[in-house]
Amino acid sequence: MSEQSTISNAEAVGKLYDRFAAESRDLWPDEADVANFGFGEHLHFGYWETPDEDAPLDVAALRLTDMVIDRMRVDETQHVLDIGCGIGGPALRAARRTGARVTGITVSEAQAEQATALSESSELGGRLDFRLADALDLPFPDASFDAVFALESMMHMPDRVAVLGEIGRVLRPGGRLVLTDFFERAPVPEVHRPFVDLLRETSLISTARVKDYPSMLRAAGMLFEEITDISEHTTRRTFIEMSKPWTEWAAANPGASLEDALEASIPAPGMIDVDEFGYLLLVAQRS
Ligand SMILES: C[S@@+](CC[C@H](N)C(=O)[O-])C[C@H]1O[C@@H](n2cnc3c(N)ncnc32)[C@H](O)[C@@H]1O
């Protein structure tokens with residue numbers, strides 16, 4: 001990927017989240033800027049212990065946040081970088097749960113503002129800092145962080161090698177990286193491909209190949225400790241939750257089909273049965 005196309009990708013992703021923030025505000029004007037399709041302050045997939053566990057999306061998303069935070073093994077003496085901080089929920093949670101100082105970056109101006117507002121309205125303001133920055137060009141010195149997490153942001157950065165290189169640069173020796181990412185578990189059958197393609201186009205995402213991660217990490221001066229396929233706990237239920245407005249509409253409109261969702265550019269209903277679309281949790285350590 002050329003530098004030019006990488007830069008325009010970050011800009012496009014920033015605009016996507018600016019729009020998402022604005023739409024959330026318009027749809028739920030009374031809910032203090034953080035209401036959005038049930039994700040709450042944590043803009044990522046949920047983690048359910050069992051396929052039918054009775055937990056809403058925001059509760060399951062918070063659980064995944066905690067799984068990521070705990071794997072960093074940081075304490076109140078340490079400084080963490082959150083790559084792709086969204087509206088600040090995970091960073092706030094990390095500061096509250098570990099006592100660590102957290103700096104979050106995002107390519108969305110609206111998100112940086114929302115995250116700052118969220119931290120200022122909490123008791124943790126002094127331990128949090130949010131800014132607009134591109135993970136491919138981190139505005140921080142070498143070895144300046146004790147840990148880095150990237151909770152569902154890697155999939156927006158097609159040049160994963162370059163991002164991991166930047167993470168390896170700012171991470172101190174012995175520091176840990178924890179991330180989640182989308183990956184292709186198996187080739188997607190033709191029948192599901194239109195929905196996967198639509199998801200890629202509308203969300204500006206790419207999928208990783210698990211087998212590439214160890215060498216990409218090594219090239220960035222890191223060694224992997226854990227790569228776990230957590231798809232069974234995350235993807236299907238998250239797409240079901242995201243499809244709820246569509247499902248309600250379809251129930252009220254006899255004859256509605258997945259073709260209608262495709263035509264309306266809504267990928268989630270068609271993603272529910274795509275078992276090949278995977279979700280991984282990865283832990284690595286800086287050498
Ligand atoms: C799905 S959201 C996840 C947000 C947050 N981690 C959470 O879980 O609530 C993806 C985030 O990645 C950020 N992102 C995407 N590309 C980025 C880049 N090149 N540099 C920094 N952040 C990026 C977006 O701005 C957005 O905040």
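This briefing describes a sheet, the strands and helices around it, and the cavities of the structure shown above. The model is a predicted one. Its sheet is open and has seven strands with mixed pairing, and the structure also holds two cavities of 30 Å³ or more.

**The sheet as a whole**

- Read across the sheet, the strands follow the order β3-β2-β1-β4-β5-β7-β6.
- The edges are formed by β3 (128-132) and β6 (222-229), and because each of these has a single partner strand, one side of each is left without a neighbour in the sheet.
- On average, and with direction ignored, neighbouring strands of this sheet are turned by 15 degrees against each other.
- As background, the strands of a sheet pair through backbone hydrogen bonds, and this pairing can be either parallel or antiparallel.

**Strand β1 and its two partners**

- Strand β1 covers residues 79-83 and is mostly covered, since five of its five residues are buried, where buried stands for under 20% relative accessible area.
- In a regular strand, the side chains alternate between the two faces of the sheet.
- In β1 both faces are covered, with His79, Leu81 and Ile83 buried on one side, and Val80 and Asp82 buried on the other.
- Strand β1 runs parallel to β2 (residues 101-106), to which it is joined by five bridges, and within this pair leucine 81 of β1 has threonine 103 of β2 as its bridge partner.
- Strand β1 also pairs in the parallel sense with β4 (residues 145-150), here over three bridges, and valine 80 stands opposite alanine 147 in β4.
- Together with helix α3 (residues 89-98), the strands β1 and β2 make a β-α-β unit that is right-handed.

**From β4 to β5, and the helix on the sheet**

- Strand β4 is joined to β5 (residues 171-184) by five bridges, and the two strands run parallel; phenylalanine 149 stands opposite valine 178 in β5.
- Helix α5 (residues 160-170) packs on the sheet, where it touches β1, β4, β5, β6 and β7 (277-286), and the direction of this helix makes about 155 degrees with that of β5.

**The largest cavity**

- What is the volume of the largest cavity? The volume of this cavity is about 370 Å³.
- Its lining is made up of 30 residues, and of these Tyr17, Gly84, Cys85, Ser153 and His156 lie nearest the centre of the cavity.
- Helix α1 (3-27) and strand β2 each supply at least two residues of this lining, and α1 gives the most, with five residues.

Methods:
Residues are numbered from 1 along each chain as its sequence is written. This is a predicted model: local features need pLDDT of at least 70, side-chain atom pairs count only at pLDDT 80 or more; totals for chains, interfaces and linings use all residues. Side-chain values use heavy atoms; hydrogens and water are left out. Buried means under 20% relative accessible area, exposed over 50%, partly exposed in between (1.4 Å probe, protein chains only). Helices (H or I, at least four residues) and strands (E, at least two) are DSSP runs, numbered from the N terminus. Two strands pair if DSSP finds at least two bridges between them. A crossover is right-handed if, with the strands pointing away from the viewer, the path from the first strand over the helix to the second runs clockwise. Axes are lines fitted to C-alpha atoms, for helices over the stretch in contact, and angles run from 0 to 180 degrees between N-to-C directions. Contact means heavy atoms within 4.5 Å. On a 1 Å grid over the protein atoms alone, a cavity is a set of points where a 1.4 Å probe fits but cannot get out, and a pocket is an open set with protein on both sides within 12 Å along at least five of seven lines; lining residues have an atom within 4 Å of a point. Grid points are joined across faces, edges and corners, and a volume is the space filled by probe spheres set on the points.
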